[in-house]
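Let's take a walk through this protein chain, starting with how far to trust the model and then looking at one sheet and one pair of helices.

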Amino acid sequence: MAKIDDSVKKKVPELRFPGFTDDWEERKLADFIDVKSGKDYKHLNSGSIPVYGTGGYMLSVDRALSDIDAIGIGRKGTIDKPYLLKAPFWTVDTLFYAVPKQNIDLQFSLSIFKKINWKKFDESTGVPSLSKTVINSVGASVPSYEEQQKIGSFFQQLDETIALHQRKLDLLKEQKKGYLQKMFPKNGAKVPELRFAGFADAWEDRKFFESIASTIDFRGRTPKKLGMDWSESGYLALSALNVKNGYIDPLADAHYGDENLYKKWMSGKELKKGQVLFTTEAPMGNVAQVPDNNGYILSQRTVAFETKEDMMTNDFLAVLLKSPLVFNNLSALSSGGTAKGVSQKSLKGLSITVPFDIDEQQKIGSFFKQLDDTIALHQRKLDLLKEQKKGFLQKMFV
């Protein structure tokens with residue numbers, strides 16, 4: 001693909017496949033898409049034809065509403081998540097299906113639908129809504145059919161790659177969920193269902209704070225309270241938005257402190273590699289570990305734990321906090337409405353069941369750390385692919 005000179009950007013995209021030089025034509029969606037309405041399916045019998053709504057697949061029936069591939073776009077509810085409908089299919093009345101007209105490529109049209117900010121066309125003050133009239137009136141630039149096919153095929157392959165990485169990531173998360181269920185004792189039990197060879201002793205009940213030396217907590221601190229401000233670069237501030245399950249996402253909440261802010265904020269409480277981070281609210285319960293010794297500022301709605309080395313390893317603590325029983329106990333101790341949170345006082349009341357043998361803790365911690373590292377790797381690949389797709393959508397369309 002080649003970049004196009006700025007002088008012609010208005011009529012052609014910035015990035016284009018070789019061999020195409022003609023201007024794109026400004027048209028309305030009505031000129032190349034036929035928007036059709038979904039219908040009620042309750043009179044139909046069970047069968048093999050999928051029924052789709054704004055949230056995706058619902059069930060299967062014995063008749064098809066369409067025998068032609070189309071684009072699903074919400075009429076009511078979720079209006080900004082268009083997706084491909086493979087024929088035969090049926091759609092409910094809250095989901096339009098848009099069929100390309102002659103000499104219009106379906107995958108190219110789908111990319112246009114995904115590029116449009118449908119929320120700005122919302123016609124309702126309540127539940128988001130679109131009408132055929134509004135959809136038909138939206139403008140879009142269109143190239144020749146051959147160029148459409150090139151672009152459509154490119155985005156189809158990109159979408160398939162993204163879907164493949166998403167499936168791998170979902171499978172890994174499901175595997176982790178299963179291991180968490182089996183490698184930690186259930187309520188009232190003293191041993192887990194699945195265990196490493198060589199360990200047979202019962203696990204012991206403890207109070208959470210018996211196993212950690214201290215909690216580092218700066219939840220209420222802001223740069224302004226220190227007479228300072230954030231910087232464009234420097235030491236990354238770790239808030240509840242940065243701390244994901246198993247990894248740190250620096251782009252989720254990109255705030256930085258310079259050397260002076262870091263020293264004033266973290267002096268004597270510097271975070272060390274491996275220390276466990278825990279989000280106390282919005283969201284409550286995400287867990288990650290400090291990735292290195294480069295220096296971080298502990299920020300909003302996040303605490304760091306310092307373990308007693310003879311009683312608990314950091315790697316084990318990181319997975320213990322995500323184990324079903326402990327997470328359920330934390331949820332029970334939390335307070336608030338939809339944005340639940342847990343206080344340091346609540347954490348002091350937390351009961352845990354853990355192996356007395358540090359070697360068993362190390363085995364479990366290391367196993368889940370490797371699993372988390374693999375999940376984080378796939379997540380980063382997926383995020384990168386999605387960002388690349390967003391960039392291509394910007395540059396390959398007028």
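**Confidence, a sheet and a helix crossing**

The protein chain has a mean pLDDT of 93 (pLDDT is the predictor's confidence in each residue, from 0 to 100), and 96% of its residues reach 70 or more. This is a predicted model, in which local features need pLDDT of at least 70 and side-chain atom pairs count only at pLDDT 80 or more, while totals for chains, interfaces and linings use all residues. Residues are numbered from 1 along each chain as its sequence is written, and side-chain values use heavy atoms, with hydrogens and water left out.

Helices (H or I, at least four residues) and strands (E, at least two) are DSSP runs, numbered from the N terminus. Of these elements, strand S1 (residues 2-3) has the lowest mean pLDDT, 64, and strand S9 (residues 90-91) has the highest, 98.

Now for the sheet. It's an open one with mixed pairing, built from three strands in the order S15-S14-S18; strands pair if DSSP finds at least two bridges between them. Strands S15 (256-257) and S18 (297-298) sit at the edges, each pairing on one side only. S14 (residues 235-238) runs parallel to S18, and two bridges join them. Leu 238 stands opposite Leu 298 in S18.

Next, the helices. The axes (lines fitted to C-alpha atoms, for helices over the stretch in contact, with angles from 0 to 180 degrees between N-to-C directions) of H2 (residues 106-115) and H4 (residues 145-182) come within 7 Å and cross at roughly 70°. That makes H2 roughly perpendicular to H4 (65 to 115 degrees).

How values were computed
Angles under 35 degrees count as roughly parallel, over 145 as roughly antiparallel, 65 to 115 as roughly perpendicular and the rest as oblique.
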